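Reader: I'm new to this and keep tripping over the vocabulary. Could we go through the terms one at a time?

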Amino acid sequence: MKNICVVGVGYVGLVTGTCFADLGNRVCCLDINAERIEGLKRGILPIYEPGLAEMVKRNVQAGRLSFTTSYEEAINGLPADFVFIAVGTPEGVDGEADLRYVRMAAESIADVADHPLIIVNKSTVPVGTGDWVADIIRAHQKKPIPFSVVSNPEFLREGSAIQDFLNPDRVVLGSLDREAAAKVADLHLPLRTTIMITDLRTAEMIKYASNAFLAAKISFINEIAAICEALGADVKEVAAGVGYDKRIGRTFLDAGIGWGGSCFPKDVKALAYMATVHGRHPQLLQAVMDINTDQRRLVVQKVRDCLGTLEGKTVGLLGLAFKPNTDDMRDAPSIDIAHMLQAEGALVKAYDPVAMVSAARVLHDVVLAEDPYELAEGCDAIIVVTEWNEFKQLDMARLKRAMRQPVIVDGRNIYEPETMKAYGFTYRGIGRGYNGCG
Ligand code: UGA
């Protein structure tokens, strides 16, 4: 059993802290947002993540997990052997990552720490930040106390973050201090996975390269989808056929509206920025981003093609979150799509199973519906924006009866073109050959 402090109770911090507690460690999660911490003390989570609330409750009851706003309490109270930094790194000017929260965390840790520490950085930070954090800590210490910095990038997907933490494909640890990295590796031994130890900058780069590759895979299949539409092939089967090749793999080859969320958009941009600043020409990354922006326009274009004009039409968005099993609206395609529809004079309605509250904060002049059938009422078209499971088995006859015109643009290819045609819908998927687009 080790004592761990986790700074930041967002997706990464809360999942990391709770899972380490579940593995038998004593964990204190810290956040400077008092409202979040008060909520957590009462069992109210600041985020929606399947299975996390139960896990938090179990570990709080077992006395392994606690929450505080005090660095003094979190670091010296336990006392912590490890401090994980898992704070946000929002997008700054020109795509450069904004490191103000990392800086604040490093300064606060240095201010209070009264014993040797291993500081583990989980936040996604520009390559070289680990060295910068070490400099900040050194500069802020009141007296020299030994410490090491280890980079431990996270590969957690929202919606399946607990599963991803407990069953990782690999754990990457970067440090110039091999002994410190080995101690962090020990924390991960119960996960029985490959543990890779590198230098700091390489570990930081592995994170960016991983997200950029996954984003590129999606943009690749979206470009193939556009070509499939032109040539009459079905991208779903193309992806399956291509994916059987073990060198390629089937995952992250679902064509659709493209990628959003708090990670891919920010990380691809930040990597391109780092490359440009260092005199490189990241043309592939640029194309990956351009294709992704086009996908959002494409669904609006498909609705326009079906209806002739968007002026005075009512369009329903089925799903709002950037992907299923989360209420996260950060860089959700639904936001851009709603704006584009409204700019052309359409009335936008919307429904999402869990993201209605977070969506209401960022969507304006959008009519929020209680369920998919209420959404359909009076709609000239529905766009499937998020592939929630509950949308896959809707009563299509009822949905069609409620609509003014039976047009469905399936931005996530969750329905089959033939079935939808049999129901009498005008159906457009993404890259579904002549059947899905003609
Ligand atoms: C992503 C990575 O998958 C994680 O490994 C990483 O740790 C995380 O970013 C991060 O950097 O923190 P996440 O943003 O939660 O995780 O979501 P993904 O499941 O990767 O999906 C990203 C976007 O790609 C979503 O908008 C999704 O709809 C889209 N997507 C995904 C597709 O359009 N097609 C696909 O085949 C797969």
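Author: Sure, here is a chat about the two domains, the contact they share and the ligand. Keep in mind that the model is predicted.

Reader: What makes this chain count as having two domains, and which residues belong to each?

Author: A domain assignment of the chain gives domain 1 (3-198) and domain 2 (235-428). Their C-alpha centres lie 33 Å apart. Where they touch, 15 residues from domain 1 and 16 residues from domain 2 take part.

Reader: How do you know how much area is buried between domain 1 and domain 2?

Author: The size of an interface is often given as the accessible area lost when the parts come together. Here that comes to about 1,300 Å², with carbon and sulfur atoms giving 55%. On the domain 1 side, Tyr-48, Glu-91 and Glu-158 supply 41% of the area buried against domain 2, more than any other three residues.

Reader: Why is the meeting of Lys-269 and Glu-91 called a salt bridge?

Author: The rule asks for a side-chain nitrogen of Lys or Arg within 4 Å of a carboxyl oxygen of Asp or Glu. Lys-269 and Glu-91 meet at 2.7 Å, N to O, so the pair passes that 4 Å cut-off. Across the interface the rule finds two salt bridges.

Reader: What makes the Glu-154 side chain and the ligand a polar contact?

Author: The cut-off is a pair of N or O atoms within 3.5 Å. A polar side-chain atom of Glu-154 lies 2.6 Å from a ligand oxygen, so this pair fits. For Lys-207, a polar side-chain atom is also 2.6 Å from an oxygen of the ligand. Leu-156 uses a polar backbone atom instead, 2.9 Å from a ligand oxygen.

Reader: And how much of the ligand does the protein bury?

Author: Taken alone the ligand exposes 720 Å², and the protein buries 92% of that. There are 20 residues around the ligand, and among the closest are Glu-158 and Asn-211.

Key:
Residues are numbered from 1 along each chain as its sequence is written. This is a predicted model: local features need pLDDT of at least 70, side-chain atom pairs count only at pLDDT 80 or more; totals for chains, interfaces and linings use all residues. Side-chain values use heavy atoms; hydrogens and water are left out. Domain bounds come from an automatic or database domain assignment. Contact means heavy atoms within 4.5 Å. Buried area is the accessible area (1.4 Å probe) that two parts lose on being put together, summed over both. A residue is near a molecule or strand if one of its heavy atoms lies within 4 Å of it. A polar contact is a pair of N or O atoms within 3.5 Å; within protein, one must be able to donate a hydrogen and the other to accept it, and residues adjacent in sequence count only if both atoms are side-chain atoms. Accessible areas come from the Shrake-Rupley method with a 1.4 Å probe; for residues, only the protein chains shown count as cover.
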